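Me: Could you take a close look at one part of this for me, the place where helices pack together? I'd like to follow how they are arranged, and please go on to whatever else ties in with that part.

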Amino acid sequence: MNAMRAILARALLGHLAQQPGRALMSVLALALGVALGVAVSVVNRSALDEFGRGLRTVSGQADLEVRGARVGFDELLYPQLALRPEVEIASPLLEIEARVRGAAREGGADAIKLIGLDPLRAIALSPALIAPPAAPAGRGQETAATETSSLPDDDVLFLSPAAARRFAVAVGDEIELQSGASSARFRVGGLLPAVGAGQMLAVTDIATAQWRFERLGVLTRIDLRLREGVAAAPALNEIAAGLPPGVVVATPAQAESRAARLSRAYRVNLTMLALIALVTGAFLVFSAQALNVVRRRSELALLRAIGVTRGALVCWLLLEGALIGAIGSMLGVAGGYALAAVALQFIGGDLGAGYFQGARPPLAFDPWGTIGFVALGIAAALAGSALPAREAARSDPAVALKSGDVADSFARLGRLAPGLASLMAAALVVWLPPLGGLPVFGYAAIALLLVGSVLILPRLARLLFARLPPVPRVVWLSLAIEQLRGAPHLATIGAAGVLASVALAGAMAIMVGSFRQSVDVWLGQVLPADLYLRAARAGESAHFEPAEQAAILATPGVMRVDFLRHQSLLLDPALPQVALIARPIPADVPERALPLLARVTVPAGQVGVLASEAMQDLYGWRLGQRVRLPLAGREIEVVVAGIWRDYARQHGAVAIDLATYRGLTGDMRVNDAGLWLAPQSSTTQVAEALRARLPAEAI
Amino acid sequence: MLRLTALSKTLPALAPGLPPRQLLCAIDLDLAPGEYVAIMGPSGCGKSTLLNLIAGLDRPSGGQIELAGRNLSTLDDDGLTRLRAAKMGFVFQAFHVLPHLNLRQNVALPLALNRIEAKDTRVNEMLDAVGLAARAGSRPRELSGGELQRVAIARALVHRPALVLADEPTGNLDPETAERVLALLRDSIRAHNAIGIVVTHSRAAAASADRVLRLGNDGRLHAA
Ligand SMILES: Nc1ncnc2c1ncn2[C@@H]1O[C@H](COP(=O)(O)OP(=O)(O)OP(=O)(O)O)[C@@H](O)[C@H]1O
Ligand SMILES: [Mg+2]
């Protein structure tokens, strides 16, 4: 029994060991697909683990969290909530996205999250954020530092170990944080050993944070612990009813799912790329195996003739495919983890999408994602080898033993119907709506299109070969053409394999390229100015005050300036924040400002806003609909006056005219400025002049 | 016992308008165990086709083939395959030795397929008998055409089949080696009380058989 297996294994799989080069392309293509898929899923797992850890660090023991947009809300909400009968403890927090002055700026490496909290309340809800009373490692240094420090005792902050390492500061050292136009020096009073490995955090007293960063009277969130026996769901509804506009209450789990959604579209696209690579792998396995069974026709026929059944032969050939798949998958897993490690090292947990700024999560093992992609890799190889295996089992051993006649191999591939059916199915499937917010059927249509094209290829090839003119004088050429005419299926299998992989590689390049190009075109339309000025990039709390705006306007060489005010609005606690962009929009020709897809005229006396396409999909906004926006603490009714195309903010964006926005909110600050230069002035000169006029850290 | 009754094989017409070609026509043949016959005939008259029909590698257009009391037309492909593995040894006209197995493994293949133990001694005996014992570990690509043909003969006999079908087994051999190999074939058939059919163009080879049959261009089988 075993002897039979051993000898058949040698007879049927021996060629893999002796000519491994032939299977190499298949193995590599599968490895690439598996590597991409594993890398994406591992990076995602790592990022989500880290995000969850961060969340649990900050709101570890809370039952509910009340949060507003990043600009925050009035702290008077805190006593209201604290006094509610169902609330046991309320912990007020002010989260500030800051950067460390003097640290490296590229890639967000200087970003840190400063949390202002009330230690007496926070110790119950977020114990990890409270330094242990006597951190033995730092005590000696701390006393020494206190003597020499010139800072008042209040200006003390506590750093996560990761942050202390990144910014090379020890307990007792001083560190300067900047947010927007304000900055402040702090003494490092200790470390927070309970904070997770990748977290860039600093913690200080809430009053200090409000005072030093000019956020007096502002909170960004309140964590709540409910009294024993109070059910979370009804309490959540009741608390929600009493909240001002723009402030929402959610359970920590909802916040975690919001984090997962943030990078979902990005992740899905990358996973689809991995699947496309796997489909390519399957095609390559198919063409390699098809040529393989044709080449080994007489060997296989001999085995059939001396007593190997059809079924056994199919099993062995499938086993061969599975082996190729397994080797490719193993290489892919190793490659995938390596890729993930590199990606986490250099790009961060969101694969460059910019969502989880600052955190460098440790590599997490993702067993299910890994097993899943290994299975997919093997399945792709099996799918690729199924047809050749069947073909080999069906072929007539007596004929195959006689000669090198291969013309009738894979004759069924010449049939037109399956290919056309596949193309037609692609044309139908492409119209189906997204599934769970994902364009699953869009990807299915791409796959069907590819399969259909490859299936009709043999027929096209036969037509082509039949029409090739005879080339009487060039012997080798006419021989080659006759050969192709005689065995069109075989020739096209080889061609199809190469073509499929080239086409898929091309498609991937085009996909990435066209996306980039669309973004470029769109950016050109949205941001047509010569020069852009952005307030120091550390979250949206960075801005230019009116005086700075005047300075920009007065800079020599500047002809015109479009100021932009960015903000984020939290419209639904389960969805990521929506961008609010206030910029000059001419009321009569809004398409000058933004790439509009459709618009309606706003009735007199109403406020019109332009919503991005994502707002239609995520919030169901329709053209002309009246919606309420939380602006400056009030609900303001606006009309959706237009829909525009936005490639940058997949979670939705709302644009409003800057003057209208200022009238409604009284908020005169801006974050960005688009500058049109006077004809004779150069970009570098103006940039120099601007640097001279504005505080160095502001741009 | 091998019995062919009214066996015929018709080939499709060579060109439209021509009648279909009657390759084999009403062939009757009874062979008892221990019997060893040679079949001769001009090239292209259908000798290989006849052997393929008997081996169940091809289906007849009419008539019956019975081997050891079983009618081949009642067996499906798997049944025929198992019958070949267990009861038949086949030497093909183009000898077909598997390239990734060494000689010993090539010869051992039918034993493995029939799950026969004590392989090594039998394989060594067979290789010795065809004069290739010293090359047992060699790869097929290191052998000459005649040597490969002897490997194919060893493979056809090693599992002591009840029916040995040999298509031009000595075509590539010098007269002396041919004589030795034919003697081996005959002795092996006698020793295991098998039925032997050898197709050959060589009178000397035919002479080693118990009787000689002639397949004519008319598709009929005559005693020579
Ligand atoms: N699959 C087939 N389709 C059409 N004709 C075939 C096929 N196989 C064999 N033939 C024809 O049948 C005839 C007999 O072939 P076969 O191989 O049996 O000849 P043979 O007697 O063994 O000849 P040789 O002595 O040259 O080996 C030949 O004329 C051949 O052209
Ligand atoms: Mg022949």
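Reply: Let's start with what an axis is here: a line fitted to a helix's C-alpha atoms over the stretch in contact, with angles from 0 to 180 degrees taken between N-to-C directions. Two packed helices are described by the angle between their axes and the distance between the axes. Keep in mind that this is a predicted model.

Now put your finger on H3(B). This helix packs with helix H5 (residues 145–157) of chain B at an angle of about 30 degrees, and their axes are 7 Å apart. Angles under 35 degrees count as roughly parallel, so H3(B) is roughly parallel to H5(B). The crossing of this pair is right-handed.

Next, look at another partner in chain B. Helix H3, which covers residues 103–113, and helix H4, residues 119–129, have axes that come within 10 Å and cross at roughly 125 degrees. That angle makes H3(B) and H4(B) oblique to each other. Their crossing is right-handed too.

What about chain A? Its helix H1 (residues 2–18) also meets H3(B): the two axes come within 9 Å and cross at roughly 135 degrees. H1(A) is therefore oblique to H3(B). This time the crossing is left-handed.

So a helix of chain A packs with one of chain B, and there's something else to see between these chains: ligand 1 lies there. Around it sit 13 residues, and the closest are Lys402(A), Ser43(B), Lys47(B), Ser48(B) and Thr49(B). Sorted by class, that shell holds 3 nonpolar, 7 polar and 3 charged residues.

Which elements supply the shell? In chain B, strand E2 (21–31) and helix H1 (47–54) each give at least two residues. H1(B) gives the most, with 3 residues. Don't mix up this H1 of chain B, residues 47–54, with the H1 of chain A, residues 2–18.

Zoom in on the oxygen atoms of ligand 1. One lies 2.5 Å from a polar side-chain atom of Ser43(B). Arg21(B) has a polar side-chain atom 3.0 Å from a ligand oxygen. Gly46(B) uses its backbone instead, with a polar atom there 2.9 Å from a ligand oxygen. As for cover, the ligand on its own has 630 Å² of accessible area, and the protein covers 65% of that.

Note on methods
Residues numbered from 1 in each chain as written. Chains lettered and ligands numbered in written order. Predicted model: local features only at pLDDT ≥ 70, side-chain atom pairs only at ≥ 80, totals over all residues. Heavy atoms only, no water. Near = heavy atom within 4 Å. Polar contact = N/O pair within 3.5 Å; in protein donor to acceptor, adjacent residues only side chain to side chain. Areas by Shrake-Rupley, 256 points an atom, 1.4 Å probe, with all protein chains shown as cover. Helix = DSSP H or I, 4+ residues; strand = E, 2+ residues; numbered from the N terminus. Nonpolar A, V, L, I, M, F, W, Y, C, P; charged D, E, K, R; others polar. Parallel < 35°, antiparallel > 145°, perpendicular 65-115°, else oblique. Left-handed = near helix turned anticlockwise from the far one by under 90°.
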